[in-house]
Structures are given as structure tokens and as C-alpha cells.
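Subject: Handover of a structure, with notes

Dear colleague,

Please find below the structure that I am passing on to you. My notes on it follow, arranged by region.

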Amino acid sequence: MDLRQLRQFVVLATELNYRQAAEKLNMTQPPLSVAIKRLEEDLGVKLFERDRLGVRLTIPGGIFLEEARRLLESAELAVQTIRDADKGRIGTLRLCSVPSAAILLLPQLLPAFARRFPSIRIALSSGSTVQILGELQQGGLDVALVVPPASNYPQIEYVQMPRQKLLLAVPSNHRVAQQRHVKLSDLGDEPLVALAHSDSPGFAGEILASCQREGFHPRILQESSHALVTLPLVSAGLGLAIVPAALRRISLDNVTYVELLDSNDAPLDYALALAYHRKNINPAVREFIVTAQEIYRIQ
């Protein structure tokens, strides 16, 4: 017994007419009669009564009709499930993000992705760029939002996201806390709390390069593992911090955010990217990237 025989049986059981059933099945009547007879022989049960009045189901035939319909529905569901999995419509997407992107971008990106692919389970985590890229290389993640490092990671591909704005986080009693904005070049003598280069070389490198363009080398007295950890250090008065603008959404006692400009009065910013392993075969990765490209109009 195969699925083709089941379909033939269900159509005949619905039409109760060999000619009409054969037409619906795009076949002639004699092969349909042979197929039904073979099915009855395989089952060892008579499914139809045939007489001069026509064709009607036997009691076992009526019971078998419900089971046959259920089997065909299950088979169709299995086929659709496989096709959905192949197109990334079901399954799990292991997503990791640096904290700033988790605060600013994921609240926009995740709802849009979930609306398009409600059957995909998202396993979300957060970490530093170095930690995330290591997990991507080892196959522990599917896709991630990171600050791309200057050096290449083998097998990792990047899709550039819109650059993100930087702010200055200062203790609320600091001399610049009441200012609307401050020039980066005015911070040459200020102690800074910075992300450790070992955890986020891309972010730390951008801050260092910006300071050097303004003619000074930053006085980094404290380091933290990621952006969120810098805020308690600022609150304790241990230094100022150049942080992603997304952190402005976090209210912390004794921390004030001030606009940060370069010597041309332009806001400072930093890079973000979607990262994935080029050999990752999870089709949901492609769909997640396409969703991000559509939302942020990027290539």
C-alpha cells in the first residue's frame, strides 16, 4: 500500500463513481479498478460493494476512509514541514548580540522577523564581540550582532548595519554634565572607563582612533568587559565613558549622558554588523539577514 493507492481510494470513496473518480485522478477507469482491487487484496478487506445500483462503501471501507484521510494529511504536513525547514520557516535560530545592539536594534528586528517566521524559535544570548565570534567559528551560534574587529576571523562573514551614535556618560556632578554637548578633543585630560580591547577590539579600536584624530591618547584608568558594566564605574565617579547611544535608555543613579562631537561638530559613531559563519547551513540565517536588510535598507 502506498500514498498513490490511498489517494485513489479516497477519491473513489468520495465520488462513489468509477468514471468520475478516474477523471479527477487523471486516469482511465480500468487502471483505477485494478488499483482498488489490489488495495483490497493487500488489506484483506472488502472496501466497496459493487452492484447494478452503483458503488458504496462497506462498513470497514467507511472506517478506512477516515484513516486514509488522516494518513494523507500527515504525509502532506510532513512534506510541507520539510519544505518550510529548507526555506528557513521553522527550526531554531541561535542569535547572540553585543549589549548595545540588543537594546537598540533587536526590539525592531525581532518582532519583524517573528511576524514573518512565527514557527522559528529564537535562542537569544548576549556577550562580547570576541566571545561571540569564537562561538560562531565553533558552530555554537548561527548569527550575531557585533562590532566588527579590524582583523579577520577565518570563515566569518559580515553584513554591515547602519553605524550607531556614541555618547559621553559622565557622573552627574561632573563639570560637563549640564552641557548639551562636548567636544572629544576636550577630554584629553579626563580619566576614561573603556571597553577592554581583549573583549571588543573593534569598539576599543574605534574609540582610540577617534581620540588620536583629535590629537590625544585617551587616559584609560578603568576597563570593563562590555558596555553595560561601564555605567556603574561612571556612577561611582571612577571616570567618564564613551558609550553607545543605546545606553541612554538605561537610567542609572549619578549617570548623565552628553552629546559627543568631533572637531567638525559631527556626532561620533561606530560600526555594527551581522556576523555569520560562511558554512552555516541553517536557512533561517539567510532569512534573518534579509529581514534586517529590508528594515534598515542595507545591502
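I begin with one helix. Helix α7 spans residues 129–138, and its buried residues are Thr129, Ile132, Leu133, Gly134 and Leu136. An α-helix has 3.6 residues a turn, so residues three or four places apart point the same way. After α7 comes Gly139, which has a positive phi, near 85°. Please bear in mind throughout that this is a predicted model.

**The strands around β9**

Strand β9 covers residues 191–195 and strand β10 covers residues 219–224; the two pair in the parallel sense, over five bridges. Within this pairing, Leu192 has Ile220 of β10 as its bridge partner. Helix α8, residues 201–213, joins β9 and β10 in a right-handed β-α-β unit.

Strand β9 also pairs with β11: the two run parallel and are joined by two bridges. Here Leu192 stands opposite Leu240 of β11. Leu192 therefore has a counterpart in β10, namely Ile220, and another in β11, namely Leu240, under the rule that two strands pair if DSSP finds at least two bridges between them.

Strand β11 has a further neighbour in β7, residues 164–171; these strands run antiparallel and four bridges join them. In that pairing, Leu167 is matched with Val243 of β11. As for solvent, β11 is mostly covered, with five of its five residues buried.

**The largest pocket**

Which elements each supply at least two residues of the lining of the largest pocket? They are β9, α8, β10, α9 (227–235) and β11 (240–244). Helix α8 gives the most, with five residues. The lining comprises 21 residues, and Ala194, Leu195, Ala204, Ile207 and Ile220 are those nearest the centre of the pocket. Ile220 is also the residue of β10 that is the bridge partner of Leu192. By class, the lining has 16 nonpolar, four polar and one charged residues. The space within the largest pocket is about 240 Å³.

**The cavity**

The structure holds one cavity of 30 Å³ or more. The largest cavity contains about 100 Å³ of space. Its lining is made of 14 residues, with Val98, Pro99, Leu195, Ser200 and Ala227 nearest the centre. Leu195 is thus named here and among the residues nearest the centre of the largest pocket. How does the lining of the largest cavity divide by class, and how many of its residues are charged? Seven are nonpolar and seven are polar, with no charged residue.

**Cysteines**

A search of the whole structure finds zero disulfides. A disulfide is a covalent bond between the sulfur atoms of two cysteines. Are Cys96 and Cys211 buried or exposed? Cys96 counts as buried because its relative accessibility is 1%, and Cys211 counts as buried because its relative accessibility is 0%; the cut-off for buried is under 20%.

**Loops with positive phi**

Two residues other than glycine deserve mention for their backbone angles. Asn254 has a positive phi of about 65° although it is not a glycine. Asn254 sits in the loop between β11 and β12, the latter being residues 255–261. With a relative accessible area of 31%, Asn254 is partly exposed.

Asp265 likewise is not a glycine, yet has a positive phi, of about 60°. Asp265 is in the loop between β12 and β13, where β13 is residues 269–270. With a relative accessible area of 48%, Asp265 is partly exposed.

Asp262 lies in the loop between β12 and β13 as well. Asp262 is buried, at a relative accessible area of 18%, because buried means under 20%. The C-alpha atoms of Asp262 and Lys183 are separated by 5.7 Å, although these residues are 79 residues apart along the chain.

**A contact with the N-terminal residue**

Asp42 belongs to helix α3, residues 29–43. Asp42 is partly exposed, with a relative accessible area of 48%. Between the C-alpha atoms of Asp42 and Met1 the separation is 7.0 Å, while along the chain the two are 41 residues apart.

With kind regards

Note on methods: Residues numbered from 1 in each chain as written. Predicted model: local features only at pLDDT ≥ 70, side-chain atom pairs only at ≥ 80, totals over all residues. Heavy atoms only, no water. Right-handed = clockwise from strand over helix to strand, strands pointing away. Buried < 20%, exposed > 50% of the residue type's maximum accessible area, 1.4 Å probe, protein only. Disulfide = S-S within 2.5 Å. 1 Å grid on protein atoms, 1.4 Å probe; cavity = no way out; pocket = protein on both sides within 12 Å on 5 of 7 lines; lining within 4 Å. Points joined across faces, edges and corners; volume = space filled by probe spheres on them. Nonpolar A, V, L, I, M, F, W, Y, C, P; charged D, E, K, R; others polar.
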